[in-house]
Amino acid sequence: MQKEIELAVSPDLILDEAAILRMGAKKIGVAASRIGGIHIRKRSIDGRSRQVVYRLRVIFYIDESPTPFTYTSNLKKVKDAKPVIIIGAGPAGLFAAYRCLERGFKPIVLERGKAVQDRRRDLARINREGVVNPESNYCFGEGGAGTYSDGKLYTRSDKRGDVQKVLSIFVEHGADEDILVNARPHIGTNKLPHIIQLMRERIVEQGGEVHFDAKVIDILTSGGQATGVKLADGSTVNANNIIVATGHSARDIFYLFRDKGWLLEAKPFALGVRIEHPQYIVDSAQYHCVERHENLPPAYYSLVEQVDGRGVFSFCMCPGGIIAPCATDQEEIVVNGWSPSKRNNPHANSGTVTQINLEDIPAAINNPFALLEFQQAVEQKAFQAGGGALVAPAQRMVDFVEGRLSNDLPNHSYKPGTKSVELKEVLPDFVHKALQGALPRFGKKMKGYYTNEAILVGVESRTSSPLRIPRDKDSLQHPQVAGLYPCAEGAGYAGGIVSAAIDGMNCIDAIN
């Protein structure tokens, strides 16, 4: 017999399975000797009261042994099967390719950037020299933006598809089984590259293809039907089904659609800064302690506030993390954040942004590219303010709110360096005012948040795509091109690793 119950467990006992077994036996009302084992199904941290506890959903096996977790994909050999072109090897592209193997299609993945290990040299040059390779950076290359920007798997996308399947495929390729249990699953930038590489090798073993340095410069059609793609080297690849999973930063794809007269729409996105605190400040506030318990992970936060009718919110919070330079071209500054699996760096960072709506940019009514051009202009302004080499404009938090230049800047994790700048000279006025109003209010919600020990680094601008590529809600195909499937974050239908992976699989399921 199996019985599932919820337990509140102190950090002192969270690693003591025998103690958890005794607590459960007492709550169920059976002798502990009858418990053959336990399986923790869900684990979260509850810091609402002064005594922080873990909340567990636990299955107790009474008079029987637990069933070990196993997940094995049912993949087909597809070397000679019907081909599907997948543009982009980010989470949407890789999981689309994986789903092809399950359905019996041959995936041909075309990635403009480099293999995951080869990307490392280009990322090192970005951090060391401030030089961006437009085809190989934190956004472009195997695994996409998620590979080297954290590996957070938290999502609210349960209604879009099978979240557990996505997590299980990661586990099958080497991720820790804890991601199946934790309320906020996280792989870590240090571990994700190897997992991505194993997924690619599995795709190739089954007869699929994955090509790097394979930039698509044209999508070929005949009579309104997709027929293939042309690559930058002049070669072509033919297939009647094409998944466009290029990510939110592949601006050239948007211009390709425009040049072909294919429908595009301006889409709201969010823009602001990345804010970094010493991790101990966040731990102290969230865990109500002077020093974090050794069995508690570095704490995170989620904050939201309305300022004159405009929402301001934290985004992609990275405990024990690092601020990364994520520009995809020269002379622009884009920042993001990531954490290693242990989240053991001394800083915590989070995007802090406000929504950019179509009505904020009147030209967006008639020009689908108006928000993209707005986004790009802010990124270029940040580059100019920093003075080059990806040095980012920055300001202490209280100085930002009170409108004064910071005399110096606190220690931080952004490797290319920062320059003290009044960020009101970089940010659009309505964005600056929204952040200026929200930060002191955040400080009232979270003790210690509003402090000059925190640094604001500009700009956080690639929160999502500023355009949407329309698609039919049932067929998932572009309304003007049969067999062309706009997919995931770059097309405006996902946000984050898991939702992108689900959308990639959904697009494959839409192919007849």
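Visitor: Which residue in β9 is the bridge partner of K230?

Guide: T236 is the bridge partner of K230. This is a predicted model, in which local features need pLDDT of at least 70 and side-chain atom pairs count only at pLDDT 80 or more, while totals for chains, interfaces and linings use all residues. Residues are numbered from 1 along each chain as its sequence is written, and side-chain values use heavy atoms, without hydrogens and water.

Visitor: Why are β8 and β9 said to pair?

Guide: Two strands (DSSP runs of E, at least two residues) pair if DSSP finds at least two bridges between them. β8 and β9 (residues 236-238) have three bridges, in the antiparallel sense, and therefore they count as a pair. Their hairpin has four residues between the strands, and G234 in the turn has a positive phi of about 95°.

Visitor: What makes β7 and β8 a pair?

Guide: Strand β7 (residues 216-222) and strand β8 (residues 225-231) are antiparallel over six bridges, so the rule of at least two is met. S222 stands opposite Q225, and G223 takes a positive phi near 60° in this hairpin.

Visitor: How many cavities of 30 Å³ or more are there?

Guide: The count is one. A cavity is a set of points, on a 1 Å grid over the protein atoms alone, where a 1.4 Å probe fits but cannot get out. The largest cavity has a volume (the space filled by probe spheres set on the points, which are joined across faces, edges and corners) of about 50 Å³.

Visitor: What makes a residue part of the lining?

Guide: A lining residue has an atom within 4 Å of a point. Among those lining the largest cavity are P91, F170 and I497.

Definitions and conventions: 1 Å grid on protein atoms, 1.4 Å probe; cavity = no way out; pocket = protein on both sides within 12 Å on 5 of 7 lines; lining within 4 Å.
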